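Please take a moment to look over the sequence and the structure before reading on. The paragraphs that follow go from the whole protein to its cores, then to the ligand, and end with a few residues of the backbone.

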Amino acid sequence: MSDIFVIVEHRLGEIRDITFEMLWKAGELAENLSHSVSAVLLGHEVSSIAEDLSDRADQIIIYDDERLKNFSADLYKEIIAGLIEETKPPLILIGSTSWGMELAPCLSIKTGLPLATDCIDILSENGRFIAQRQMYNGKIFANVSFAETSGCLFTIRSGVFPKDKIGDRQAQKIQKGFPLIDIKPGKTFVEFVETAAGDVDITQAELLVSVGRGIGEEENIALIKELAEALNGVVSCSRPIVDKNWLPKYLQVGTSGKSVTPKVYIAIGISGAFQHMAGTNGAGTIIAVNKDPKAPIFRTAHYGIVDDLFKIVPVLKDKVLEAKKG
Ligand SMILES: Cc1cc2nc3c(=O)[nH]c(=O)nc-3n(C[C@H](O)[C@H](O)[C@H](O)COP(=O)(O)OP(=O)(O)OC[C@H]3O[C@@H](n4cnc5c(N)ncnc54)[C@H](O)[C@@H]3O)c2cc1C
């Protein structure tokens, strides 16, 4: 029996959802393949985190040291590479997050193990792991497998697996000492900065009118604001709108923005990139307006209008105002 490794991601004492999602998938694979699941936890004063994982893995391998208080890809890489060398796990799962995007490539180089990034599923065939990935903005699915290898690294997209427990597990906790490594991290942690709260909280809104790059120019955002007002809703947006400084960051929906749970989510001029849609998993009805019939958002939307937003939005607004009057 060999171990599937899940590298535990946590921040400010809280386990990130991606960890639970990876443990779910690892648990499912382990059950089918008679493997066990090891959660690999690096940090400082992490006993409560370990406790929260105790019924989700067969073992928790813990490196608890003050030098690991904040995430450092340099230190993580050295420590995990040593553990991989010692235990030879067939599969190592890392979140496709800002942590994982830094850690996984350097761990792959350090260990020589192949890496598949941003996987949306993992299959197995004759003892080999196959990563499923999306290409061309979600238009193509690719199954990726590697030539003969002792193990492989997969980074996992957030939100593709459930956060639930799987199987009946009671983890054995294995405390490891900080290894003798001579490394001075190239980066120093400075501080955590929380996103500004803002005047409106899009996570509480019942109806969101969300605007994307299809709006073209900053002055056109007024159109979206008018529609949102007519509907008694709140404006939110995709990341390019924030990057252009047209709307504040606290209105951004998605993996690097907020997850929202409105009853109705109207996406206007938004293509439907997974980083955006991941923030809408908890939304009720999704309505998309996009002039491209092949836009990925139409795969998720419950209702779609394929047309120019500049034609549709004013008509929608007038209809809503008429209905309100009548
Ligand atoms: C690490 C990382 C994190 C990210 N986090 C986020 C995040 O949190 N949130 C987020 O949104 N993105 C995020 N992104 C960016 C994401 O990958 C996409 O680039 C982004 O969501 C695209 O925004 P968009 O749909 O507004 O723009 P585009 O992809 O450019 O889409 C614009 C759409 O508008 C349509 N359109 C154009 N003109 C019109 C018109 N006149 N009428 C109707 N439709 C029209 C087009 O057909 C197109 O589909 C992240 C990316 C990375 C790498």
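**From the whole fold to single residues**

Among the contacts in the protein between residues at least 6 apart in sequence, 63% join residues that are at least 24 apart. The model is a predicted one, and its protein contains 9 helices and 16 strands. Along its principal axes the C-alpha trace spans about 70 × 45 × 35 Å. Of the 326 residues of the protein, 46% count as buried, while the accessible surface comes to about 16600 Å², with 48% of that area belonging to carbon and sulfur atoms.

In soluble globular proteins, nonpolar side chains tend to be buried together. Here the largest nonpolar core has 37 residues, and those with the most contacts inside it are Val209, Ile215, Ile224, Leu247, Tyr265 and Ile268. Several elements each supply at least two residues of this core, among them strand 12 (207–211), helix 5 (221–230), strand 13 (234–237), strand 14 (264–268) and strand 15 (285–290). A second, separate core has 36 residues, including Ala30, Ile49, Leu91 and Cys119.

Tyr265 offers a way into the largest core, as one of the residues with the most contacts inside it. Leaving aside its neighbours within four places in sequence, Tyr265 is in contact with residues that include Leu208, Ser236, Val253, Ile270, His276 and Ile287. Helix 5 offers another, for within this helix Ile221, Ile224, Leu227, Ala228 and Ala230 are buried. An α-helix has 3.6 residues a turn, so residues three or four places apart point the same way. The cover over the buried residues of helix 5 includes strand 12, strand 13, helix 6, strand 14 and helix 9.

Which residues are closest to the ligand? The ligand is surrounded by 25 residues, and the closest are Ser238, Gln252, Ser256, Ser271 and Asn290. By class, this shell has 6 nonpolar, 13 polar and 6 charged residues. Helix 6 (239–243), helix 7 (274–277) and helix 9 (309–325) each supply at least two residues of the shell, and both helix 6 and helix 9 also each supply at least two residues of the largest core.

Some individual distances fill in the picture around the ligand. An N or O atom in the side chain of Ser271 is 2.7 Å from an oxygen atom of the ligand, and a backbone N or O atom of Thr255 lies 3.1 Å from an oxygen atom of the ligand. On the nitrogen side, a polar backbone atom of Lys291 is 3.1 Å from a nitrogen atom of the ligand. Taken alone, the ligand exposes 990 Å², and the protein buries 77% of that area.

The backbone itself also deserves a look. Most residues other than glycine have a negative phi, and most peptide bonds are trans. Asn232, just after helix 5, takes a positive phi of about 55°. Ser34, which is not a glycine, has a positive phi of about 55°, and it lies in the loop between helix 1 (17–33) and strand 4 (36–43). Ser34 is exposed, with a relative accessible area of 54%. Asn126, again not a glycine, has a positive phi of about 50° and lies in the loop between strand 7 (115–125) and strand 8 (128–135). Asn126 is exposed as well, with a relative accessible area of 80%.

How values were computed: Residues are numbered from 1 along each chain as its sequence is written. Side-chain values use heavy atoms; hydrogens and water are left out. A residue is near a molecule or strand if one of its heavy atoms lies within 4 Å of it. A polar contact is a pair of N or O atoms within 3.5 Å; within protein, one must be able to donate a hydrogen and the other to accept it, and residues adjacent in sequence count only if both atoms are side-chain atoms. Accessible areas come from the Shrake-Rupley method with a 1.4 Å probe; for residues, only the protein chains shown count as cover. Helices (H or I, at least four residues) and strands (E, at least two) are DSSP runs, numbered from the N terminus. Ala, Val, Leu, Ile, Met, Phe, Trp, Tyr, Cys and Pro count as nonpolar, Asp, Glu, Lys and Arg as charged, and the others, Gly among them, as polar. A nonpolar core is a set of buried Ala, Val, Leu, Ile, Met, Phe, Trp, Tyr and Cys residues joined through side-chain atoms within 4.5 Å. Buried means under 20% relative accessible area, exposed over 50%, partly exposed in between (1.4 Å probe, protein chains only). Contact means heavy atoms within 4.5 Å.
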